[in-house]
Structures are given as C-alpha cells and as structure tokens.
Amino acid sequence: MSHAYTWGAILFVVLASVTGDVLLARAMKQVGDVGELRRRSSLLAVLARVLSNPWCLLGIVAMSVAFFSLLFGLSWGDVSLVAPASASLTFVGNAAAAKLFLHERVDRRRWIAAALVACGVAFLAG
Amino acid sequence: MTFRKYLVLAGVALFASIGDSLLSRGMKEMGAVSLSHPQSLILAVLNPWIILGILFLLGFFASYMTALSWADLTYVLPATSIGYVLLALIAKFLLHEQVTLLRWVGILLIAVGVSLVAGGPELTHRQAESPIPESELAAARSEQ
C-alpha cells in the first residue's frame, strides 16, 4: 500500500486524537483526582461520575474515530512507524492544544521535550 | 508523585505498546483493508489478536484517564512515550519488522524527552477543586 495512504491515516489519527485528548483531559480535571475519589466512595460511583461528564463522552467518540483510523493505518504500514508517528505527532499537537484550550503552563522543559520527541518521530519515519 | 502514580504511568505505556503490537499482528493477518470495502473492518473485530489488542487498549484507557485526573496532558503524554522503546523491541523481536539504526536514534531522542518531562512537576495549573458533594458521598456509603 502506498505511503500516501499510510500518512493520510496517520494525519487523520492525529487530528482525532488531539481533539479526544483535550476533551478527556478537560473532563478528568473536572472530575478530580480519581485516586482520592476512590478512597471516599465506591468504584461504581466514581465510574458514574466520570461517564456522566459530557466532555468525557465527546472525548470517547473522538478517540473511537482515532482508533478506527489507526486500524486502517496499521493494515497499510509498519507498526513501528504508524503507532509512534501518529502518537508522537499527536503529542506535539497536544502541547499547542493544551496551552491554547486547557491553559496548561507549557514551560521550557516541556517545549524542549516536545522538540526532542518531534525529532525522534522524524527519525522514526526515515 | 507517589509510587502508585508512577505505576499508573507505567501502566499507560505498557498497555498502549502491547495493545498496538497485538492490533498490528491481527491487522497483518487480515491483509490491507480497502477503503471501498470498509465493512471488512467489522470482520477484523473477530480476529483473536484484535480482541486481545482491544482488551489491552481498554486497560490503557482506564490508566490514561486516571493519570489525566491528577496530571497535565503535557506531562502524561511525554512521560508515557517511553512505551515506544518497548514497541520497537516488540516490533523487532516478535513481529520481525526491520528497525533501522535511524529509528533507534529516534527512539533514543524520545527517551531523552521523556526523562526531561518525567523529572518535572506533573501539574502546573491547578483548576478549582470539585470534590464529590456530601449528598453523593452519603448515598455511596449507604450503598455499601
């Protein structure tokens, strides 16, 4: 299968998972520390609290789209290219998205880490 | 960061890389999926490797959501990308894919990025705490 198909699938996975990651991160920050919640209430109560968050449900939909595009990608290319490339490009996209939409303080240490991982991805594709 | 939290992060990395490998193995058995016959993806779900892969990815999802509940997205993602080193090992020794020298260099760079982030704080911005209301707590207690 051609490279264009593989990279098309990778791009689609990246877009869907950045959307999903941001939505899930927002949902889980609203829910609060799961470890602490578990100490105070039952597992079912925690699960219900997580799953009743609308951002969480939207995030799961976006992650499912990403999952099925990943299946397409894996049937077209090597796993050691498709999986790290899509997930690491997702990570670079997420650094920007987290700053923009989640207002996380992305400090110098984290940007350097982002750059290193981005370079790593370029080598993976080579 | 407690030992328990590092365990959750390790779980994210392990479940993700093993899950992806299982999916890859299953999809290679299926052969390339044609865009004109997307329904063959439904059949993919019947493959035992795919089923196992989906179970591992569910485990990934649970540990990932847990990590996101107490750490930044920009902390969790790089901290768990150590899984790619594992993925390369699985690809080389179990799936017999060719992992070139260049890819090993890429994996090394990712590992350095991981160690940079993992040494820093996991939460840079604390949003308003939203503990479970007392009424819900009481209801949960009476259920037990």
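This tour goes from a single helix to the interface between two chains, and then to chain B and its confidence.

Before selecting anything, note that this is a predicted model, in which local features need pLDDT of at least 70 and side-chain atom pairs count only at pLDDT 80 or more, while totals for chains, interfaces and linings use all residues. Residues are numbered from 1 along each chain as its sequence is written, and chains are lettered from A and ligands numbered from 1 in the order in which they are written.

Start with residues 3–31 of chain A, which form helix H1; helices here are DSSP runs of H or I with at least four residues, and strands are runs of E with at least two, numbered from the N terminus. H1(A) has 29 residues and spans 41 Å from its first C-alpha to its last, close to the expected 42 Å, a figure that takes 1.5 Å times one less than the number of residues. Just after H1(A) comes Gly32(A), with a positive phi near 100°.

Next, show both chains together: 53 residues of chain A are in contact with 53 residues of chain B, where contact requires C-beta atoms, placed from the backbone, to lie within 7 Å. On the chain A side, H6(A) contributes the most, with 11 residues. That side divides into 30 nonpolar, 12 polar and 11 charged residues, counting Ala, Val, Leu, Ile, Met, Phe, Trp, Tyr, Cys and Pro as nonpolar, Asp, Glu, Lys and Arg as charged, and the others, Gly among them, as polar.

Within this interface, select residues 54–76 of chain A, helix H4, and residues 3–30 of chain B, helix H1, whose axes come within 8 Å and cross at roughly 65°; axes are lines fitted to C-alpha atoms over the stretch in contact, and angles run from 0 to 180 degrees between N-to-C directions. Leu71(A), Leu74(A) and Ser75(A) meet Leu23(B), Ser24(B), Met27(B) and Met30(B) here, a contact with five nonpolar, two polar and no charged residues.

Now isolate chain B, which has seven helices and zero strands. Of its 144 residues, 39% count as buried, meaning that 20 or more other C-beta atoms, placed from the backbone, lie within 10 Å of the residue's own.

Finally, colour chain B by pLDDT, the predictor's confidence in each residue from 0 to 100. Confidence is highest in helix H3(B), residues 48–70, at a mean of 91, and lowest in helix H7(B), residues 134–143, at 55. Over residues 127–131 of chain B, pLDDT stays under 50.

Methods. Contact = placed C-beta atoms within 7 Å. Buried ≥ 20, exposed ≤ 12 C-beta atoms within 10 Å, placed from the backbone.
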